[in-house]
Amino acid sequence: MTHPLSEENRALIERLLGEMTLGEKIGQMTQAEKNSVRRGDVARLGLGSVLSGGGGSPKPNTPEAWREMVTGFIRESLASPVGIPLLYGVDAVHGHNNVVGATIFPHNIGLGATRDPDLVRRIGRATALEVAATNVRWDFAPAVSLPQDLRWGRTYEGYSQDPALVSDLAVAYIEGLRGEGWDSPTSVLPSVKHYVADGATAFGTSTRVNRLGVTLDHTLALARTGEGMRSLLNQGAWQIDQGDSPIDEATLRSVHLPPYRAAIEAGVLNVMASYSSWQGLKMHAHRSLLTDVLKGELGFQGFVVSDWEAIDQLHPGDYASCVADAVNAGVDMVMVPFDYERFIHTLRAEVEAGRVSGARIDDAVRRILTAKVALGLFERPSTDEALLSLVGCPEHRAVAREAVRKSLVLLKNEGNVLPLSPDLPALLVAGEAADDLGAQCGGWTITWMGGHGPTTPGTTILEGLRRQFGHPARVHYVPNGETSSRYPVGLAVLAEEPYAEGMGDRRELRLSPKHLALLARVRQQCDRLVVVLLSGRPLVITEQVPDWDAFVAAWLPGTEGDGVAEVLCGAAPFTGRLGFDWPLSQADVARTATSQNLWKIGAGLTPVSGEIPPLSPTP
Ligand code: GLC
């Protein structure tokens, strides 16, 4: 592996290391969340990083206010005694998705269905420009998860179940974030996550939430959930996410490690450790995988950042051991994120007690400074304010619309009811999700969990359909599907409730009673029934799909609902292909070699050919 830095830059790092006190070195290893940072502490403690967690926005939530907030932290860092520029991090996992007005792209499960690395590279570049516009230079993406149990609430953050496809699209996204070079003015540092085998955890193994006494800890209290935690837990929330991956080493190496190898070869300088465990050992304390494999065998020369409050899980109640074990295992920067002074004091005490070596501290800080120097932060700690005009710009929304078009997967099309003819005398559109921007964006949008309604500027599917039908009056929108009129075609748009992380873990994957009631009403009133599903994963629809004339998996398309309407109405072809097997029954949602599927990975129709893939034999 060639080192990412010039001799001159490496000498700068060694000079800084030689000048820094232990406190300043530990300050660089500390990442705090922006609402917890007291004014002046970035300078006083020399904090290496501040982040916005999901929904960690300034008020007002505007690109300008974001830029002002981030620039304030950077300015403070330059005023610290050692003057090392701060690196601000955000989860821009489908565009700069915390920022109102930013372009929101399809979530990764939809991008996997495009199988288009060039498109994903352009999405990475557009995302980098919008992120850099707010003076942010670190993006906690791409997730290179390989979801094995589709009930996982983070399935939609995975591109596919195919390691090669995940590697190709992740590298494309990384190249997009990088642009002309890591030291170019609008490059953004990717964080490849969550290392490793985060998508292989088994149902029922997560200990993240104590289901008996659900005391909403600080982090979970941040999640303003509509349904209430008790209801979500009863549906299976926090049963999988952050659990234990029981797989053997051969599977870990053949399925879950390849995207990291590809990302490191592409020059990434940050990896985020996974909350999950492998064979019972927490990844954040897994020295063999974090140091021997990632940094040794794979030659990773950047830094490992912990996940949010993740080290606290290592030894509940014994924070000193949490800190020592994580840093000794190979965690270089800790996403504390709340009580950052406790972390600093604890790590200092562990070093002074000889339980963490000075050499380990120097190695961690050297890795952090390698990324900061590679990004050119010392020469250019802030980006060009003129970039603000690019946030949500038409050119980026056009890329997002292209991605939406290419992400749609047509899985049934009896008699070629699709594409819809613009000459249709009338089209019944049913389902609140047809006119709900929040539903089509999903989680990690403006807030951590996402929401409903016009949470940010964009176009709903209904608005797109009305644009496609020259006479909008022909598009009859009946949210609950109750009508006495008769229609040649009824279009029902169904959506999962938005969710993020373990909040989206579910015991079963099925349509809700409300969905089924809507479908029954629409079915009665139309000759042909088209169903569009907005979801973060396949749902078990084996019993329902025979009653539909056409079915489109639209995933979580983001702000550009026009893209869905354009393909439904034939302005663009269906080209999407499944990036995951589509399970036949609830017994098949946790994929194994014997799982039965309604459709296999790679399935997808193009109406021109009209071939209808044989449905797997129903049980
Ligand atoms: C979250 C997620 C991680 C995210 C981080 C910061 O808990 O696990 O993907 O990057 O915290 O928001």
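**Exercise 1.** How much area is buried between domain 1 and domain 2, and what percentage of it do carbon and sulfur atoms give?

*Solution.* The structure is a predicted model, in which local features need pLDDT of at least 70, side-chain atom pairs count only at pLDDT 80 or more, and totals for chains, interfaces and linings use all residues. Residues are numbered from 1 along each chain as its sequence is written, and side-chain values use heavy atoms, with hydrogens and water left out.

Step 1. Take the bounds from the domain assignment, which is automatic or from a database: domain 1 covers 7-208 + 240-390, domain 2 covers 209-239, and domain 3 covers 394-599.

Step 2. Buried area is the accessible area (1.4 Å probe) that two parts lose on being put together, summed over both. For domain 1 and domain 2 the value is about 880 Å², and carbon and sulfur atoms give 52% of it.

**Exercise 2.** Describe the polar side of the interface between domain 1 and domain 2.

*Solution.* Step 1. Apply the salt-bridge rule (a side-chain nitrogen of Lys or Arg within 4 Å of a carboxyl oxygen of Asp or Glu). The rule finds zero salt bridges across the interface of domain 1 and domain 2.

Step 2. Count polar contacts (N or O atoms within 3.5 Å; within protein, one able to donate a hydrogen and the other to accept it, with residues adjacent in sequence counted only if both atoms are side-chain atoms). Between domain 1 and domain 2 there are four residue pairs in polar contact, both residues at pLDDT 80 or more.

**Exercise 3.** Which residues are closest to the ligand?

*Solution.* Step 1. Collect the residues with a heavy atom within 4 Å of the ligand. The ligand is surrounded by 14 residues, the closest being Asp91, Arg154, Lys193, His194 and Asp307.

Step 2. Add distances. A side-chain N or O atom of arginine 154 is 2.8 Å from a ligand oxygen, and for lysine 193 the distance to an oxygen atom of the ligand is 2.8 Å. Glutamate 501 has a polar side-chain atom 3.2 Å from a ligand oxygen.
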